[in-house]
Amino acid sequence: MVEKAIRTVLINNSVVNGIVSTRVYSEMAPQSAALPYITTQCISTIPVSSLGGFSGLMKARWQIDCYASTKDGAVVLANAVRLAFVDYVGVTSGVDVRSVYLLNQFDASVEPIDGGQIMIRRKALDFSVSYYEEQPVVS
């Protein structure tokens, strides 16, 4: 569910939407995806426990990759993504998000693999996302 919340925050942000529209993909973009676009991926999730056991609070590390045809385009998109999450708190797509903050960002362009001349520019951002999740029920 948190993945849907992250995607919703991104596509509902007017600046991000103005750049990528709804081209926000889970893990991998389709080969035919038009630039620019975003991919999202959960790197890890840690349940936060209290003295009483599972608190319901989850802390996840999310990588959001911003792809564009130019370095400047990737930077502009990455800045828009970063600003979409500044001080973000709220319930989105049924997920109670308590905090989102940037951990790291780096360049990671993709070299052409087909002998072509066009390099896809990528800016990767790592975020820490804290949110409440109901305790899973095993039946």
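Student: In this predicted model, is Tyr 37 buried or exposed?
Tutor: The cut-off for buried is under 20% relative accessible area. Tyr 37 has a relative accessible area of 11%, so the residue is buried.

Student: What kind of aromatic pair do Tyr 25 and Tyr 37 form?
Tutor: Let's take the geometry. Their rings sit 5.9 Å apart, centre to centre, with 75 degrees between the planes. Planes over 60 degrees apart count as edge-to-face, so the Tyr 25 and Tyr 37 pair is edge-to-face.

Student: Which strands does that pair link?
Tutor: The two residues are twelve apart, and the pair links distant parts of the chain. Tyr 25 belongs to strand β1 (residues 24–26), and Tyr 37 to strand β2 (residues 37–50).

Student: And which residue joins Tyr 25 and Tyr 37 in a cluster?
Tutor: Ring pairs do the linking here. The third member of the cluster is Tyr 67.

Student: How are the rings of Phe 85 and Phe 127 arranged?
Tutor: The ring centres are 5.2 Å apart and the planes meet at 55 degrees. That angle is neither under 30 degrees nor over 60, so the pair is tilted.

Student: How many residues apart in sequence are the parts this pair ties together?
Tutor: Look at the elements: Phe 85 lies in helix α3, while Phe 127 lies in strand β6. The pair therefore ties together parts whose separation in sequence is 42 residues.

Student: What relative accessibility makes Phe 85 count as buried?
Tutor: Its ring partner Phe 127 is buried, with a relative accessible area of 2%. Phe 85 counts as buried too, at a relative accessibility of 4%.

Terms used:
Residues numbered from 1 in each chain as written. Predicted model: local features only at pLDDT ≥ 70, side-chain atom pairs only at ≥ 80, totals over all residues. Heavy atoms only, no water. Phe/Tyr/Trp six-rings, centres within 6.5 Å; stacked < 30°, edge-to-face > 60°. Helix = DSSP H or I, 4+ residues; strand = E, 2+ residues; numbered from the N terminus. Buried < 20%, exposed > 50% of the residue type's maximum accessible area, 1.4 Å probe, protein only.
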